[in-house]
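Reader: Please show me the structure, and then I will ask about it piece by piece.

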Amino acid sequence: MIELKGITKRFDNQTVFENIDLSLARGEIIVVIGPSGTGKSTLLRCINFLERPDAGHLTVGDLAFDVTRATTREILALRRRTAFVFQNYALFANKTALENISEGMIVVDDLPKAQAHARAREILERIGLADKADAYPASLSGGQQQRVGIGRAMAANAEVILFDEPTSALDPEWVDEVLSLMKQLATERQTMIVVTHEMQFARDVADRVVFMDEGRIVEQAPPSQLFHHPRDERTQRFLRKVLPQAPV
Amino acid sequence: MHALDVDYMLGLVPILLGYLPLTLEMAAVGMACALVLACLLAIVRVRRLRFLNALAMLFISFFRGTPLLVQLFLFYYGLPQLLAFLVAINGITATIMGLTLHFSAYMAESIRAAIVGVDRSQTEAALSIGMTQGQLMRRIVLPQATRIATPTLMNYFIDMIKATSLAFTLGVTELMGATQKEAASSFLYFEAFLVVAIIYWIVVEALSWLQRRLETRLNRAYQR
C-alpha cells in the first residue's frame, strides 16, 4: 500500500504542485496522464526522493515518514521499496545487461554474486533478453535497453515500480515491445505508477487513470469512465486534443 | 665537425641504463602520490565542500601558475631555511614532492572534468535503487571517470617521466645527471645527449603502446 498525503514541491519560489494526495493498493496499476509540464514526472521523482518534496507525508509498505524530516536512512529504505524506470533508460554504461540487473541485488541487497546472477538470468529470460546477458548497453537497441531498465527495476523487488514516460524516447519501432513487457507485469499484478502519453496503454492496462493539470490531480477514475465520461472540463479538453475521435 | 663516435655511444648505453630505474622510480612514486592527491582535490571540487574547495582552488592555482623548476628550488633550497626539520631533505625526495604537487594540480582538473562527464542519469539510476553516495562513486562513477581521464592522465605521466630530468639541478644523479657527468668528462656532448634523448624516447614510446592497449580495454563496454 502506497500513500501520498499533502505532497508539495517547489523549485526556487515556483510551486510545481501542492497538497497532492494519492493512494494505491498492492497490485494496483495507476496511469498518470496530462499535459506536459504539469508536474507528473516531478511527482513520480518525489516518491523515489530523486526530488526532495517540500512538504507532505509518504507511506510505502511498512515505511512511513514526514518528508521534511526524512533521514538518510529513511530515504535509502524508501528507495529500496520503490524502483524507477527512466525515460532515457539510464543504464550503467560500464556494465553488461546482466550486471545492470544484478548490480542492485549485489550492492544494495548484499546478495552473493552467484545468487544475484542467477536471479538476473531469470529476469533476462522474462524480459526476453536471455541471449543478451553479456551485451553492453551501447550495443543494444533502444527497446532492448529499456527492457533492461525495466529488468533492473524488477530486480529491486520493490513495492511499486515507477515508470517515467518509459516509451517517450524510443523510436516508434521499439515502443510495442516495451509496452507489452509492461502489460505482462500488469497481468502479474505488479504494483505500478506509470506516467505516459500512451492513451491506448492507459485504457487497456490501468485500474485507475489519474489526470493531472497545472500541478493538481483534476480527476481520477477507472479508464472506461475517465475516457468516456470525463467529468471535469479540463479533462474533456485534454482528451479531445489527444484522442481526436474520442466519444466525448 | 666530427663524425659521430658510435662506439662511445654504444658503450654509454649500459652505463646510462643503470640510472633508468631511479628515473622511473621517481616518476612512478610521484605519479602514485599525485593520483591520490588529485582524486582528493577533484572530489573536494566536485562536492564543493566549503573552505576545502577554496583551499583546493588556491592550491591548484599556485601549482599550475608557477614553473616546476621554481617549485623544485623552493622545496630543496628554500624550505629548509624556513623549516629546520627539512634540512635533511635529499634531492630525490624533493623531486618527488615537487612532481606530486605540481602534477596533482593539473590532474585534479582532468579528474574533476571526468567525474562531471559521467552521464548524470546513471547517478540517478544508482540512487533510485538505493545505493549510497559511496557505492555510487565506487561502482558507477569512478570506473567510468577512469576511462574518460585515462588518456589525459597517461599524458601527464609521460610528461612527469621527462620532468624527472630536472632532478639533476638538485644534484641528483639520475638519467640526465649521469649523462651530464659522462659528457663533461668525454667532451662528446652531442653523442651523450643524443643517447639519453633516445632512451627517454623509447621509454615514452613503450608507455604510449601500453596506453593504447589500456584504452582499448577500457573502451570495450562502449563498442557498438
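Reader: Which residues of chain A does UniProt place under "domain: ABC transporter"?
Author: This is a predicted model, in which local features need pLDDT of at least 70 and side-chain atom pairs count only at pLDDT 80 or more, while totals for chains, interfaces and linings use all residues. Residues are numbered from 1 along each chain as its sequence is written, and chains are lettered from A and ligands numbered from 1 in the order in which they are written. UniProt positions are given in the numbering used here, with shortened feature names, and annotations may be inferred rather than shown by experiment. The UniProt entry, which is unreviewed, places this domain in chain A at residues 2-239.

Reader: How far apart are the end C-alpha atoms of residues 2-239 of chain A?
Author: Helices (H or I, at least four residues) and strands (E, at least two) are DSSP runs, numbered from the N terminus. By that count the span is 39% helix and 26% strand, and chain A as a whole has nine helices and ten strands. The end C-alpha atoms of the span are separated by 27 Å.

Reader: What radius of gyration does chain A have?
Author: The radius is taken over C-alpha atoms, and the globule rule is 2.2 Å times the number of residues to the power 0.38. The C-alpha trace of chain A spans about 55 × 45 × 30 Å along its principal axes. For 248 residues a compact globule would have a radius near 18 Å, and chain A agrees with this, at 18 Å.

Reader: Which strands are at the edges of the open sheet of four strands in chain A?
Author: Two strands pair if DSSP finds at least two bridges between them. In chain A the order is β2-β1-β4-β5, with antiparallel pairing. Each edge strand pairs on one side only, and these strands are β2 (14-24) and β5 (63-66) of chain A.

Reader: Which residue in β5(A) is the bridge partner of Leu58(A)?
Author: Strand β4 (residues 55-60) of chain A runs antiparallel to β5(A), and four bridges join them. The partner of Leu58(A) in β5(A) is Phe65(A).

Reader: What angle does helix α2 of chain A make with β5(A)?
Author: Axes are lines fitted to C-alpha atoms, for helices over the stretch in contact, and angles run from 0 to 180 degrees between N-to-C directions. Helix α2 (residues 72-81) of chain A lies across β4 and β5 of chain A. Its angle to β5(A) is about 135°.

Reader: Which helix gives the most to the largest nonpolar core?
Author: A nonpolar core is a set of buried Ala, Val, Leu, Ile, Met, Phe, Trp, Tyr and Cys residues joined through C-beta atoms within 7 Å. A residue is buried if 20 or more other C-beta atoms, placed from the backbone, lie within 10 Å of its own, exposed if 12 or fewer, and partly exposed in between. The largest core has 117 residues, and those touching the most other members include Val32(A) and Met160(B). Its top contributor, with eleven residues, is helix α5 (residues 91-117) of chain B.

Reader: What percentage of the residues of chain B count as buried?
Author: Chain B has nine helices and zero strands, and its C-alpha trace spans about 70 × 50 × 25 Å along the principal axes. In chain A, 46% of the 248 residues count as buried. Of the 224 residues of chain B, the figure is 33%.

Reader: Which helix gives the most to the side of chain B that touches chain A?
Author: Two residues are in contact if their C-beta atoms, placed from the backbone, lie within 7 Å. On that basis 20 residues of chain B are in contact with 22 residues of chain A. Helices α6 (120-128) and α7 (133-163) of chain B each supply at least two residues of that side of chain B. With six residues, the helix that gives the most is α6(B).
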